Amino acid sequence: MAEFLSEERQRELEVLAARLGVRFKNLQLLDRALTHTSFANEAKRKTDHNERLEFLGDAVLELASSTYLYGHFKKLPEGELTKIRASIVRSETLARLARELGLGEHLLLGRGEEMGGGRQRQTNLEDAFEAVIGAIYEDQGWEAAQAYVVRQLAHEFQEASRVGEILTDYKTTFQELVHKDPDKVIAYEEVGESGPAHERTFISRVLVDGIPYGEGSGRSKKAAEQQAAKAALAKWKG
């Protein structure tokens with residue numbers, strides 16, 4: 001169904017599209033991706049909302065992230081790839097990315113949803129993020145949508161790279177190397193932590209006979225210990 005865009009809305013969406021790094025052939029698709037059901041229900045004329053694009057975008061997001069992980073972590077089994085993908089595309093992450101892109105500012109909301117803080121509601125932002133992906137796919141196809149996903153999730157994929165490294169068991173490798181001398185004692189200690197409660201970073205140190213050999217950081221104590229062991233391996237071998 002054809003959708004009407006005022007000159008003001010068109011200019012607004014052109015600015016947003018530039019921020020997204022996408023040149024839409026049909027800007028009405030972006031408008032629809034940012035139209036909440038509450039707005040469509042209250043509109044005087046029949047108006048499409050973003051639920052179908054969200055459905056499409058969710059599928060594209062899963063395939064694009066799966067393709068990236070499959071290509072970059074060739075030795076990881078299916079179970080580990082699934083865990084990493086789930087950690088990347090979780091609701092909180094998508095809503096945060098939507099906030100960073102300013103999608104909430106461009107949402108079309110019904111009066112009640114607007115008054116209820118709908119522009120910052122996590123589910124609305126997550127849905128809008130996925131719907132925009134769906135709009136890009138519908139407008140330009142798979143390659144453009146895949147590139148957009150990889151670009152937007154670049155930081156998350158970097159974190160995934162760290163997780164992929166952590167899945168290499170540096171602690172066991174270091175222990176086997178050190179315990180060629182069975183009298184040596186390995187110990188791990190927590191040095192500190194930082195960041196907000198929902199995104200803590202832990203710092204750990206590994207010692208051999210009380211002597212520090214390496215430090216590492218990670219999103220969990222186990223991950224920090226693995227990174228400490230990795231650093232210790234380099235020093236031990238060096």
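**Exercise 1. The first hairpin**

How many residues lie between β1 and β2 in their hairpin, and which glycine in the turn has a positive phi?

Solution. The model is predicted, and the task starts from the strand limits. Step one: β1 covers residues 186–194 and β2 covers residues 201–208. Step two: the hairpin these strands form has 6 residues between them. Step three: within the turn, glycine 195 has a positive phi of about 95 degrees. Step four: the two strands pair in the antiparallel sense over 8 bridges. One bridge pair can be named, glutamate 189 with arginine 205 in β2.

**Exercise 2. The sheet**

Give the strand order of the sheet, and state which strands are at its edges.

Solution. Step one: the sheet is open, has 3 strands and follows the order β1-β2-β3, with antiparallel pairing. Step two: β1 and β3 (211–218) are the edge strands, since each pairs on one side only. Step three: from one strand to the next, the twist averages 20 degrees. Step four: β2 and β3 are joined by 7 bridges, and valine 208 has isoleucine 211 in β3 as its bridge partner. Step five: the β2–β3 hairpin has 2 residues between its strands, and aspartate 209 in its turn takes a positive phi of about 55 degrees.

**Exercise 3. Helices against the sheet**

Which strands does helix α11 touch, and which strands does helix α12 lie across?

Solution. Step one: α11 (residues 170–178) packs on the sheet and touches β1 and β2. The direction of α11 makes about 145 degrees with that of β1. Step two: α12 (residues 221–237) lies across β1, β2 and β3. The angle of α12 to β3 is about 135 degrees.

**Exercise 4. A helix pair**

Classify the packing of α4 and α9 by angle, then describe the residues in the contact.

Solution. Two packed helices are described by the angle between their axes and the distance between the axes. Step one: α4 (residues 51–72) and α9 (residues 142–152) pack at an angle of about 70 degrees, with axes 9 Å apart. Step two: angles of 65 to 115 degrees count as roughly perpendicular, and α4 and α9 are therefore roughly perpendicular to each other. Step three: α4 contributes Val60, Leu61, Leu63, Ala64, Thr67 and Tyr68, which meet Trp142, Ala145, Gln146, Val149 and Val150 of α9. Step four: these contact residues divide into 9 nonpolar, 2 polar and no charged.

**Exercise 5. Two residues in helices**

Is serine 87 buried, partly exposed or exposed, and how does arginine 111 compare with the cut-off for exposed residues?

Solution. Step one: serine 87 is found in α5 (residues 78–88). Its relative accessible area is 35%. Buried means under 20% and exposed over 50%, so serine 87 is partly exposed. Step two: the side chain of serine 87 reaches the backbone oxygen of isoleucine 84 at 2.6 Å. Step three: glutamate 159 is 72 residues from serine 87 in sequence, and their C-alpha atoms are 9.9 Å apart. Step four: arginine 111 lies in α7 (residues 111–115). With a relative accessible area of 69%, arginine 111 is exposed. Step five: the C-alpha atoms of arginine 111 and valine 208 are separated by 64 Å, at 97 residues apart along the chain.

**Exercise 6. Helix α6**

Which residues of α6 are buried, and which glycine just after α6 takes a positive phi?

Solution. Step one: in α6 (residues 91–101), the buried residues include Thr93, Leu94, Ala95, Leu97, Ala98 and Leu101. Step two: glycine 102 takes a positive phi of about 75 degrees just after α6.

Methods:
Residues numbered from 1 in each chain as written. Predicted model: local features only at pLDDT ≥ 70, side-chain atom pairs only at ≥ 80, totals over all residues. Heavy atoms only, no water. Helix = DSSP H or I, 4+ residues; strand = E, 2+ residues; numbered from the N terminus. Buried < 20%, exposed > 50% of the residue type's maximum accessible area, 1.4 Å probe, protein only. Pairing = 2+ DSSP bridges. Axes fitted to C-alpha atoms, helices over the stretch in contact; angles between N-to-C directions. Parallel < 35°, antiparallel > 145°, perpendicular 65-115°, else oblique. Contact = heavy atoms within 4.5 Å. Nonpolar A, V, L, I, M, F, W, Y, C, P; charged D, E, K, R; others polar. Polar contact = N/O pair within 3.5 Å; in protein donor to acceptor, adjacent residues only side chain to side chain.
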